[in-house]
Each structure stands twice: as C-alpha cells, then as structure tokens.
Amino acid sequence: MQSLTQPSTHIISTGSAVPDHHIDNYQLKAIIDTSNNWISTRTGISKRHVISSEESVIHLAANASEQAIQNSMIDRHSIDLILLATSTPNDLFGSASQLQALVKAKRAAAFDITAACSGFVIGLAIADQFIRSGTYNTVLVVGADVLSQWVDWSDRTTCILFGDGAGAAVVQSSTRNKQSGILGFELNTRGLECNQLSIKYIPNENYPLGNSRHFNKMGDRNGHYTTLQMNGREVYKFAVSEVPQSILRCLSKASISPKHIDWLILHQANQRILEAVASKLEISYEKVISNIKFYGNTSAASIPIALNEAFANGYICNGDIIVIAGFGAGLTWGSMVIRWDILC
Ligand code: COA
C-alpha cells in the first residue's frame, strides 16, 4: 500500500540504439552448419546487429541515453543517478562512469548492475526505490549489452541467438498521479542453477596468485573468461514455467487482473517463449510486443529497445497497463507492472 506522501516513479522518456552492421541468417549459414529455416522457426530471429571493433557497449549506451535525455527535455545536470545494466562492460570495474562522462551528466552518481537479461527490470526497480524513498528525483536507467563479443561464433547452438544493442529510460519522481507510473515489481534468483547460462572466469591453475615461484613471470595470464555457455533446453523450460508465475504474483500485489494488461513486453529471447508465456497468461498475442526478428536477444537491452519502439510507433498510450518481464543468467527473473503516464 502506497503512503499518501510518497512520490511515485514515472518513465518520462525512452531511447534506443543498435549498431549499423547486421548479420542475417543466410550470412550465418556461410560460417556454421545451420539454415534460415531452422533459426526462424525455432527462434523467430532473422538478423542481429553487431558492433564493429571501433565500438563498445558504451557507444550504444550513450546513443540510447542521449535520445532518452533529449526526448525528456530535462536538463542533463538534473540527473541524480545513472544505472547501467550490462553484463558486457568494457571495464570490469564498471562502465557506468564512462557513460556518465559521455552524456555529460556531471552531478549524477553512476554504477553498473550485472544481472544479464533481467538487468533493465532490476535497474528500474532500484530507481523506483531511490525515488520512493525521496533520495533521488531523476534517474537514467540503461540496459546495454554486446554479447557478440562473448559468444563462440562457431557454436551454432548459441551464436544464432544474440545481438548487440542498448535502450534507456529517464524516470522521475511525481506526486501528480499515485495510481500511475511503476505500480509494483517482483524479483527472483535461483543461484543453484547459475551454470545453465554463464560466462565464467577460469583462473590459470599453474599460476595461483599465492604461488611466489611463478609470481614474477611477466606476460603469463592469470586466467581467462570462457565464451558464453548455455543449456538452451533448460533455460527455455525455466523461462516458460517461471515467467508467467512471476507476472501473476506481480499483478496480484498491484491488484490488477491479467485481463487488464494492454501490453506485454517480455525479454526478447525466443519468439516461442513470448508465445508460450502469453498463452499461459491467456493474453491475446496481439498484446505482445515483439521485435526479436530484427535484433535477436540483446540481453539487458531487449526490453528498453522494445519499449522505446512501441512508444515511438504509437502502440502505447497514456493509461495503458504494461507488464515487463526479464529473465536469464543467474538464473534471475523479475516482472514489473506500469501504468503508462507520460507528459506529452
Ligand atoms: N541450426 C541447425 N540445427 C541446430 C542449431 C542450429 N543453429 N542449433 C541446434 N541445432 C540442432 C541440435 O544439434 C539438435 O540436433 P539433434 O536433434 O540432431 O541433436 C536439434 O537442432 C534440436 O536442438 P534443441 O537444442 O533441442 O533445439 P531447441 O528446439 O531446444 O532450440 C534453442 C534451441 C537454443 C533455440 C532453444 O532451446 C532456446 O531458445 N532456449 C532458450 C535460450 C535462451 O533464451 N537463452 C537466453 C535466455 S536470456
């Protein structure tokens, strides 16, 4: 139950960006044993965008953020916090500070959130907490990933799925209408199944840090990261069983019936997952936003890209009930219910 004095959290603008270069299914067929028919029918994907060697996750994040900031018409110096959801940073210490510098939001605190494909939902939930507590007024939430740099392009079971991209939303405190904006969320983790989808760091057994005999061998690496490893069938089963239940719990907490959902924006992992979740919720597929055909799975970016496109193309209107749900590595998953209320 919301207190009368507590502000609510509203998305006031969105933005998104993908690299110019894309790879379609026919081009993949030239490098791995696959077909356009297999990829299209099993996943719904036709092409995916990938960054060049001159670009990084931060270029995409900055382009999406710039669009969201310009659409919001706020002064960038009023941004209090930048949350960058990414699992593919270009600096392990965090990339949000680079984003803060690029968008010239000098006042903003900034940090990364590592939660794979659930990252954007978790980012919005964190922003919501800071805003409801009165700590911050304006937060830039960004989901950006470049998994093309982490997949094994000779592994046909994974490389066909992923693409690069970024999406952003400016969220702000409002006391205007307490029945709109972010109405509720729920988040979950099942750490025992972290091996179902991972990019692991493997320390080099021959050169443990404590072994002084080898400590001075300059040039030897301490270890390395694997490429993306995934048990596709198990991840599929997990998504189709857990995501509908999470959405139902989230709606129940907000006292909203599934039949009142106007738009369902799920993490764009596989067209069949989108259809199965909608069917379990008994939601008409016309209410499901899907752009997976054009981008593949862009991890933390997929929900904000879909949200931005749906709003820009006039699908989403003020008053609409939107449910977003992310799921993926961790395993993590979470849902959020929003009543759209943007000042036009
Ligand atoms: N092209 C052609 N054949 C392929 C292929 C490809 N790119 N990838 C796998 N295959 C083959 C397999 O080798 C297997 O062959 P076999 O029957 O001779 O052993 C066959 O296709 C079926 O493989 P399977 O893994 O059962 O396919 P699937 O229907 O489960 O689809 C995924 C595979 C990965 C598309 C599906 O499991 C999936 O989408 N899982 C969820 C993944 C996901 O969303 N991850 C991210 C979460 S954030």
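Helix 6 (232-253) lies across strand 8, strand 13, strand 14 and strand 15, and runs at about 40° to strand 15. Contact here means heavy atoms within 4.5 Å; axes are lines fitted to C-alpha atoms, for helices over the stretch in contact, with angles from 0 to 180 degrees between N-to-C directions. Helices (H or I, at least four residues) and strands (E, at least two) are DSSP runs numbered from the N terminus. The model is predicted, so that local features need pLDDT of at least 70 and side-chain atom pairs count only at pLDDT 80 or more, whereas totals for chains, interfaces and linings use all residues. Residues are numbered from 1 along each chain as its sequence is written, and side-chain values use heavy atoms, with hydrogens and water left out.

The four strands under helix 6 form an open sheet in the order 8-15-14-13, with mixed pairing; two strands pair if DSSP finds at least two bridges between them. Strand 8 (181-189) and strand 13 (263-266) are the edge strands, and because each has a single partner strand, one side of each lacks a neighbour in the sheet. Neighbouring strands in this sheet are turned by 10° against each other on average, direction ignored. Strand 14 and strand 15 (residues 332-339) are paired in the antiparallel sense over eight bridges, and Ile324 has Met336 of strand 15 as its bridge partner. The loop between strand 14 and strand 15 contains Leu331, and the peptide bond from Gly330 to Leu331 is cis, with omega near -15°. In the loop between helix 6 and strand 13 lies Ser255, which has a positive phi of about 55° although it is not a glycine. Helix 9 also lies across strand 13 and strand 14, at about 145° to strand 13.

Helix 9 (residues 302-312) further lies across strand 1, strand 6 and strand 7, running at about 95° to strand 1. These strands belong to an open sheet of five, in the order 1-7-6-4-5 and with mixed pairing. Strand 1 (8-17) and strand 5 (109-113) stand at its edges; each has a single partner strand, so one side of each is without a neighbour in the sheet. The twist from one strand to the next averages 20°. Strand 1 pairs with strand 7 (residues 164-174) in the antiparallel sense over nine bridges, and Ala17 is the bridge partner of Ala166 in strand 7. Helix 3 (residues 57-72) packs on this sheet, where it touches strand 1, strand 4 (81-85), strand 6 (138-146) and strand 7, and its direction makes about 125° with that of strand 1.

The ligand is surrounded by 23 residues, of which Thr34, Arg42, Gly232, Arg233 and Asn270 come nearest; a residue is counted if one of its heavy atoms lies within 4 Å. This shell divides into 10 nonpolar, eight polar and five charged residues, where Ala, Val, Leu, Ile, Met, Phe, Trp, Tyr, Cys and Pro count as nonpolar, Asp, Glu, Lys and Arg as charged, and the others, Gly among them, as polar. Helix 2 (36-43), helix 6, helix 7 (271-280) and strand 14 (321-328) each supply at least two shell residues, and helix 6 gives the most, with four. Polar contacts are pairs of N or O atoms within 3.5 Å. Among them, a polar backbone atom of Gly232 lies 2.9 Å from a nitrogen atom of the ligand. Oxygen atoms of the ligand lie 3.2 Å from a polar side-chain atom of Arg272 and 3.4 Å from one of Trp38. The protein covers 76% of the 960 Å² of accessible area that the ligand has on its own, as given by the Shrake-Rupley method with a 1.4 Å probe.

How values were computed. A polar contact is a pair of N or O atoms within 3.5 Å; within protein, one must be able to donate a hydrogen and the other to accept it, and residues adjacent in sequence count only if both atoms are side-chain atoms.
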